[in-house]
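Student: I am new to this structure and should be grateful for a close look at a single part of the chain. Please place that part within the whole as well.

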Amino acid sequence: MENFTIWSLMIDISIISGLLLVGTILRAKVRWIQSLFLPASMIAGFLGLAFGPSGLGILPFSEQFSVYPSLLIAVIFAAIPIGAAKVRLSEVFHRVRNMFSYSMILTLSMWGIGVLFAMLILNPIFNDLPNGFGLILGAGFLGGHGTAAALGEGLIHAGWEEAMDLGMTSATVGLLVAVLGGLFLIKHSTESGKTQFITSFKDLPSELKSGLMPKSKRFNMGQETVSSSSIDPLVLHLAIIAFIIGISYWLTNTLSDLIPAISIPLFSVAFILGLLFQAISRRIKSDKYVDGRVMERIGGTATDFLVAFGIASINITVVMDYALPLILLFAFGTLWAYLLFRFVGPNIFKEFWLEKSIFGWGWSTGTVAMGLALLRIVDPELKSRTPEDYALAYVGVAPIDIIIVTFAPILFALGFTWAIPVVLLLGAAAIIVIYKVTGLWGQGKHEYTSN
């Protein structure tokens, strides 16, 4: 399609929605797909890649469908702060200090080590690689398709046109590493008697395999905070997000005109405006009419579409051009993630280190959703309280993550790529040093060796 119209958009959404339905059915009915725990959005993306423009060319996607992830990531980040519960950082840190520290080590080191590995090993071997090539590891493994879209957009503005395709490839490979590697680690751990709550894969509930929730385990997606006689509750929440995205887009363009040398990502502005909206609504006591659960579902919807569009729009030609350095980078990233799982987890956590580290493996190589899926395998009733601890710890981790994604492309464009691994790895090392000095390092070793 040469001219992009509203019907082009409708056709793209219709096609990807059909693929999501097919992915859901395949997950529910095909046993070998169930055994891989692949989300429906990822299955849909693979189908779109196989039958879309990069594959057989059967599906009539428009020429614009590869740009949707840049918009969808803004929706995700705008929805994060809106409707969130008010928390006191001092109380949060006291309770979830270990989870916060573990998450920070994973975040800082995964971003930093990827850039360092590329600059020390890959760049001397492959002379034509961009200096920021290592950012692809953190964008895909640690951040998933959403972060890959955000970073890809920034790197494209910095002059690296292939960054989006490589980021989406990294996120896709990361999900596979999270699933396959996670299942291997869980199987080994159960056979070694290191898990606290299960002894065999046979104990898994059916909904984890099929993805279909039985009636007895279903719960509400959210609450109706306004009367439908005035405005539909879902429309209210969608209107908030759409309004914030529109203002963010206008503000981003304005800033780009004022400061053309620096590209400010749309998702960063959307997140800040989301925080501002939440602060104002809380100040005027209208935040009680915004349901956080509904906002989470809007963000989750955008994530599923982003993953599907992101995988389906990967340019295979670009990926093949970078195939060998990508394979080396992904192999090293997988090894690094295992080292973090095996040596940082048992030394940071006082109890349930295996369960919490399995969760960390899932989100540091794939997504938080994948981390939760793996956690539910080893901790079906979530007795380790890992999700709520991570949710609270994320209050402190999220700003760091956003700063990295926002400013890494800027440093790359300005030629200060070395500053990225130096600062990030020193930060991770500082946390480990603090734990060693205070005697907190090695808390979970007894639990590990006694099981």
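Tutor: The answer below begins with the whole chain, turns to the packing of helix 1 with helix 13, and then follows the surroundings.

The model is predicted, so local features are given only where pLDDT is at least 70 and side-chain atom pairs only at pLDDT 80 or more, while totals for chains, interfaces and linings use all residues. Residues are numbered from 1 along each chain as its sequence is written, and side-chain values use heavy atoms, with hydrogens and water left out.

The chain contains 20 helices and zero strands; here helices (H or I, at least four residues) and strands (E, at least two) are DSSP runs, numbered from the N terminus. Of the 451 residues in the chain, 49% are buried. Buried means under 20% relative accessible area, exposed means over 50%, and partly exposed lies in between, with a 1.4 Å probe and protein chains only. The accessible surface comes to about 21,300 Å², and carbon and sulfur atoms account for 65% of this surface. These areas come from the Shrake-Rupley method with a 1.4 Å probe, and for residues only the protein chains shown count as cover. Where contacts link residues at least 6 apart in sequence, 79% of them join residues at least 24 apart; a contact means heavy atoms within 4.5 Å.

Now to the part itself. Two packed helices are described by the angle between their axes and the distance between the axes. For helix 1 (residues 6–29) and helix 13 (residues 292–312), the angle is about 100° and the axes are 10 Å apart. That makes helix 1 roughly perpendicular to helix 13. Axes are lines fitted to C-alpha atoms, for helices over the stretch in contact, and angles run from 0 to 180 degrees between N-to-C directions. Angles under 35 degrees count as roughly parallel, over 145 as roughly antiparallel, 65 to 115 as roughly perpendicular and the rest as oblique.

Helix 1 contributes Asp 12, Ile 13, Ile 16, Ser 17 and Leu 20 to the meeting, and helix 13 contributes Asp 304, Phe 305, Ala 308, Phe 309 and Ala 312. The residues of this contact divide into seven nonpolar, one polar and two charged. In that division, Ala, Val, Leu, Ile, Met, Phe, Trp, Tyr, Cys and Pro count as nonpolar, Asp, Glu, Lys and Arg as charged, and the others, Gly among them, as polar.

Asp 12 also has a partner outside helix 13: a polar contact of 2.5 Å joins its side chain to that of Ser 62. A polar contact is a pair of N or O atoms within 3.5 Å; within protein, one must be able to donate a hydrogen and the other to accept it, and residues adjacent in sequence count only if both atoms are side-chain atoms. Ser 62 belongs to the loop between helix 3 (40–51) and helix 4 (68–79). With a relative accessible area of 2%, Ser 62 is buried.

On the other side of the pair, Ser 313 lies in the loop between helix 13 and helix 14 (316–321). Ser 313 counts as buried, at 12% relative accessibility. A polar atom of the Ser 313 side chain lies 2.8 Å from the backbone oxygen of Phe 309, and the side chain of Ser 313 also reaches the backbone oxygen of Gly 310, at 3.2 Å. Apart from residues up to four places away in sequence, Ser 313 touches Phe 65, Ser 66 and Asp 165. Its C-alpha atom is separated by 9.5 Å from that of Pro 69, although the two residues are 244 apart along the chain.

The loop between helix 12 (266–283) and helix 13 holds Lys 285. Lys 285 is exposed, with a relative accessible area of 61%. Most residues other than glycine have a negative phi. Lys 285, which is not a glycine, has a positive phi of about 60°.

Helix 12 also supplies a link to helix 11 (residues 233–258), where Ser 248 is placed. Ser 248 counts as buried, at 0% relative accessibility. Leaving out residues up to four places away in sequence, Ser 248 touches Leu 266, Val 269, Ala 270 and Leu 273.
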